[in-house]
Amino acid sequence: MALPALFDRLRLPVIASPMFIISVPELVIAQCISGIVGAFPALNARPQSQLDEWLHQITEALAAWDRDHPDTPSAPYAVNQIVHRSNPRLDEDVATCAKWKVPIVITSLGARPELNVAVQGWGGITLHDVIDDGFAHKAIEKGADGLILVAAGAGGHAGRLSPFALVQEVRQWFDGPVALSGAIAAGSSILAAQAMGADLAYIGSPFIATTEANAAAAYKQAIVDGRAADIVYSSLFTGVHGNYLRQSIRAAGLDPENLPEGDASAMDFGKAWKDIWGSGQGIGVVDAVEPAAARIERLAREYAAARARLLNHEP
């Protein structure tokens, strides 16, 4: 199945994952004008009224870019909605997205058929993130247009399954849009995701170490300095299992090797994440804090080189 037409404007088959606190309009705009889908969580706009301001800012900036650069138009953007019952803003945020006809809505931690219908009604598409084949079936049954497969090694609320296992199970029955997440931080990994059967790569942690990201300097440097072995998988901080930087856990006075289980019934998506830094396992290739455009340019070069090696049967 071909991807929806709105993806035709991508320079690279990449969606930048919406990161809590980190993803703000400046980063989203930089990502979109560089040719990948930029995304942010609706909950990053606080108070709720700020969401309208952010969508106005992004819409105007991308329209201006497109007017001035007709040969390299911007990629579409996405807004992430937390569908879990702990989010009291969902209805207001969806109404604001409807006002601006947000092209892509990424849904997390639950699936609502009426939300999918609403987004499709204004001409957008919905992508639901899932950690296993069972959740994938439920998301499509409830009307999602596509899936984001959050495999082992991804930042944030990551799953436990190998990307190979997850993609091949989903592709046995679903031929719609699929993005793959899980330690993807190099252009060659984008190509590998496609080779496995995904349409798009879903990349988050490398964009923490960008000048536009809303992250403390120490957090950005920790991404640069970190390796896969520095990532800890825990449910303590939000009630849902996720991947976090070991040094931030230690700095909070906790032992990263002996963390208790979290309470899924008392999710907190704000307080804990300000001091406990999320990250995926792919950060070992991130070697500098740089503008998002420079990071995307590097990914594009690596992707092209990987394709060339494959076509030429080079090692």
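This report describes the strands, helices, buried residues and nonpolar cores of one predicted protein model.

Residues are numbered from 1 along each chain as its sequence is written, and side-chain values use heavy atoms, with hydrogens and water left out. Since the model is predicted, local features need pLDDT of at least 70 and side-chain atom pairs count only at pLDDT 80 or more, while totals for chains, interfaces and linings use all residues.

## The sheet and its helices

Helices (H or I, at least four residues) and strands (E, at least two) are DSSP runs, numbered from the N terminus. Two strands pair if DSSP finds at least two bridges between them. By this rule, eight strands form an open sheet with parallel pairing, in the order β1-β8-β7-β6-β5-β4-β3-β2. At the edges stand β1 (14-16) and β2 (38-41), each of which pairs on one side only. From one strand to the next, the twist averages 25 degrees.

The edge strand β2 pairs with strand β3 (residues 77-82) in the parallel sense over four bridges. Within this pairing, V79 of β3 is the bridge partner of F40.

Two helices can be placed against the sheet. Their angles are taken between N-to-C directions, from 0 to 180 degrees, with axes that are lines fitted to C-alpha atoms, for helices over the stretch in contact. Contact means heavy atoms within 4.5 Å. Helix α2 (residues 49-68) lies across β2 and β3 and runs at about 160 degrees to β3. Helix α4 (residues 113-121) lies across β4 (104-108) and β5 (125-130), at about 145 degrees to β5.

## Buried residues

A residue is buried when its relative accessible area is under 20%, exposed when over 50%, and partly exposed in between (1.4 Å probe, protein chains only). The table lists four buried residues.

| Residue | Relative accessible area |
|---|---|
| C32 | 0% |
| C97 | 0% |
| L55 | 0% |
| T107 | 4% |

L55 is found in helix α2. Among the residues that L55 touches are F40, V79 and C97, not counting residues up to four places away in sequence. L55 thus touches both F40 and V79, the two bridge partners described above.

T107 belongs to strand β4. Its side chain makes a polar contact (a pair of N or O atoms within 3.5 Å; within protein, one must be able to donate a hydrogen and the other to accept it, and residues adjacent in sequence count only if both atoms are side-chain atoms) with the side chain of H128, at 2.6 Å. Leaving aside residues up to four places away in sequence, T107 also touches others, including N80, L115 and D129.

The structure holds zero disulfides, a disulfide being a pair of cysteine sulfur atoms within 2.5 Å. The sulfur of C32 cannot form such a bond because the closest cysteine sulfur, in C97, is 14 Å away, which is too far.

## Nonpolar cores

In soluble globular proteins, nonpolar side chains tend to be buried together. A nonpolar core is a set of buried Ala, Val, Leu, Ile, Met, Phe, Trp, Tyr and Cys residues joined through side-chain atoms within 4.5 Å. The largest such core has 48 residues, and those with the most contacts inside it are L12, L149, I190 and F207. Helix α10 (residues 292-311) gives the most to this core, with six residues. I190 touches L12, I203, L299 and Y303, among others, not counting residues up to four places away in sequence. A second, separate core of 23 residues includes L51, I58, L62 and L115.
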